[in-house]
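Hi,

Here is the structure I promised to pass on to you. Have a look at it first, and then read my notes underneath.

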Amino acid sequence: MDTEAAPGSLPHTPGTPRPVPEADPELLKRWRSQGGELIELLTQVREQVGGVAAFRLGPARTVLVTEPQAVQHVLARHPEQYVKRSHRARLLVGDGVLSASGEAWKRQRRLLQSQFTGTGMRRYERRITEAARVTAERWAAYARTGQTLDVGQEMHRFALDAIWRSLTGHPIDDGTARELAAMEAVGAALPTLPANTEDAREAVAADLARIDAVAGHAIEAARAGDAGPDGPGLLRVLLDAATERPEYTDRLIRDELVTLLAAGHETTASTLTWLYLLLDQYPAAREEALAAGAEGSEQRRQALQALVHETLRLYPSAWLLPRHAAEDDTLAGYTVEAGTDLLVCPYLTHRDPELWPDPEHFDPRRFLTPDGRPTQPGAYLPFGIGPRTCLGMQFALRESTVLLEHLLPAHTVAFASTPVKAKYGFTVRPDGPSPATLRPPLV
């Protein structure tokens, strides 16, 4: 009797746990010979073996996890057993909350948590709206003149302005925005940097110096009481913490500031860029969202949120979540030994046809009907799940929806060309420019 599980399903698990089934070594040889991307290898491993699968890039086994129950087990039920050892962006974000671990992470997370839920989020509503209004005015000027814009650059500009206002209380100026472009340069370089930390730091030293200079100036301005037109921002919270908690040195405040800047604008910008590219392929989705209700209505807001959620299904902000087994465990009936590296891949979970019918099709109605999406935990996790869920999830969803409320009714976007593939780095983003002009709306 065949005891292997079908791809995407959990095996029947009575009796003694078995080793995680491993991908055929020939698959890895072909992948290496073709110079493929990691996502291509992970896709092939999942298709060949299933939702919990092992493969070897070196002497040690890595376990790929895409099946929802197993995802939930690793990220939400047993986060103390499956830990985050380090983050590939540590060179950029230092010891910020994204890369911190253990007790330090708990303290940092606790301080920031309240800023991104409930009352905390309401503090930033006006700042997000103002950033969207400025973007809408800029787009109106583009439309009047027929000027070509790059949608990706526009979304980066908006998202950076929204998070900068929230952190400092000030709109971002052109000079600061130019200097902070160094964050994207470091992020893009991370996959190709030397393994040695000092060599890697030296390779991007000039960009890191630019980022440090901007962060240092912002910290000193906030310390001097420069609150901005909408009052002090989140940076003030960090400075206040430093008066009571000695661990909040200027270096840690810098690291938290850069973490929030990098994570807080790159993910949102990528999501909004993908959304406009998808609407170019599926224009009826825009019409349906606007027809769902009048301007400002709850029905329209929900329809716009559905556009964002379906975009995040196809291009999740956290497309790959590395973890490390701190102790022996049984996962989905399989033995996971202490010291094993695991890769949880929301990108592949979100494209599993057993969970999401016609998964490559962009269909926001999945998030508007009661039976439109899978209900099991672990099936939809664009920001991760469990205690390390992205802090800025509500912020990102709100700013995306607010911008769409301003832009979507006013313009349709006509792309001159579109990127032909995705780039899988710190986020999954379009690999190339997205030049376009704006036209009057069809509805």
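Below is what turned up when I went through it, piece by piece.

First, keep in mind that this is a predicted model.

**The second largest pocket**

Let's start with a hollow. The second largest pocket has a volume of about 570 Å³. Its lining is made up of 25 residues, and G152, Q153, E154, H156 and E184 are the ones closest to the centre. Which elements give two or more residues to this lining? They are β5 (149–150), α7 (151–168), α8 (174–189), α12 (250–281) and β12 (428–430). Helix α7 provides the largest share, with 6 residues. Sorted by class, the lining has 9 nonpolar, 8 polar and 8 charged residues.

**The sheet with β5**

You just met β5 in the pocket lining, and it also belongs to an open sheet of 3 strands. The strand order there is β5-β13-β10, and the pairing is antiparallel. β5 and β10 (412–415) are at the edges with a single partner strand each, so each has one side without a neighbour in the sheet. If you zoom in on β5 and β13 (residues 435–439), you'll find 2 bridges joining them. One to look for is D150, whose bridge partner in β13 is P435.

**The sheet with β7 and β8**

There is another open sheet of 3 strands, this one in the order β1-β8-β7 and with mixed pairing. Its edge strands are β1 (18–19) and β7, each of which pairs on one side only. β7 and β8 run antiparallel and are joined by 3 bridges. Try finding T330, which has T335 in β8 as its bridge partner.

Now look at the loop between β7 (329–331) and β8 (334–336), because A332 sits there. What is the phi of A332, which is not a glycine? It is positive, at about 55 degrees. That stands out because most residues other than glycine have a negative phi. A332 has a relative accessible area of 17%, which is why it counts as buried: the cut-off is under 20%.

D358 also has a positive phi, about 50 degrees, and is not a glycine either. You'll find D358 in the loop between α15 (346–349) and α16 (393–407). Is D358 buried or exposed? Its relative accessibility is 52%, so it counts as exposed, the cut-off for that being over 50%.

**A hairpin**

β2 and β3 form a hairpin, with 4 residues between the two strands. They run antiparallel, and 5 bridges join β2 to β3 (residues 61–65). In one of these pairings, A54 has V63 in β3 as its bridge partner. Why is β2 (residues 52–56) described as largely enclosed by the rest of the structure? Because 4 of its 5 residues are buried.

**A helix with two sides**

Last one: α5 (residues 102–113). Its 12 residues should span 16 Å at 1.5 Å a residue, and the C-alpha atoms at its ends are indeed 16 Å apart, so the two agree. Which residues of α5 are buried? W105, Q108, R109, L111 and L112. These cover an arc of only 160 degrees around the axis, so they are on the same side of α5. E103 and R110 are exposed on the other side. It helps to know that an α-helix has 3.6 residues a turn, so residues three or four places apart point the same way.

Have fun clicking around!

Conventions:
Residues numbered from 1 in each chain as written. Predicted model: local features only at pLDDT ≥ 70, side-chain atom pairs only at ≥ 80, totals over all residues. Heavy atoms only, no water. Buried < 20%, exposed > 50% of the residue type's maximum accessible area, 1.4 Å probe, protein only. 1 Å grid on protein atoms, 1.4 Å probe; cavity = no way out; pocket = protein on both sides within 12 Å on 5 of 7 lines; lining within 4 Å. Points joined across faces, edges and corners; volume = space filled by probe spheres on them. Nonpolar A, V, L, I, M, F, W, Y, C, P; charged D, E, K, R; others polar. Pairing = 2+ DSSP bridges. Expected span 1.5 Å × (residues − 1). Arc of directions from axis to C-beta.
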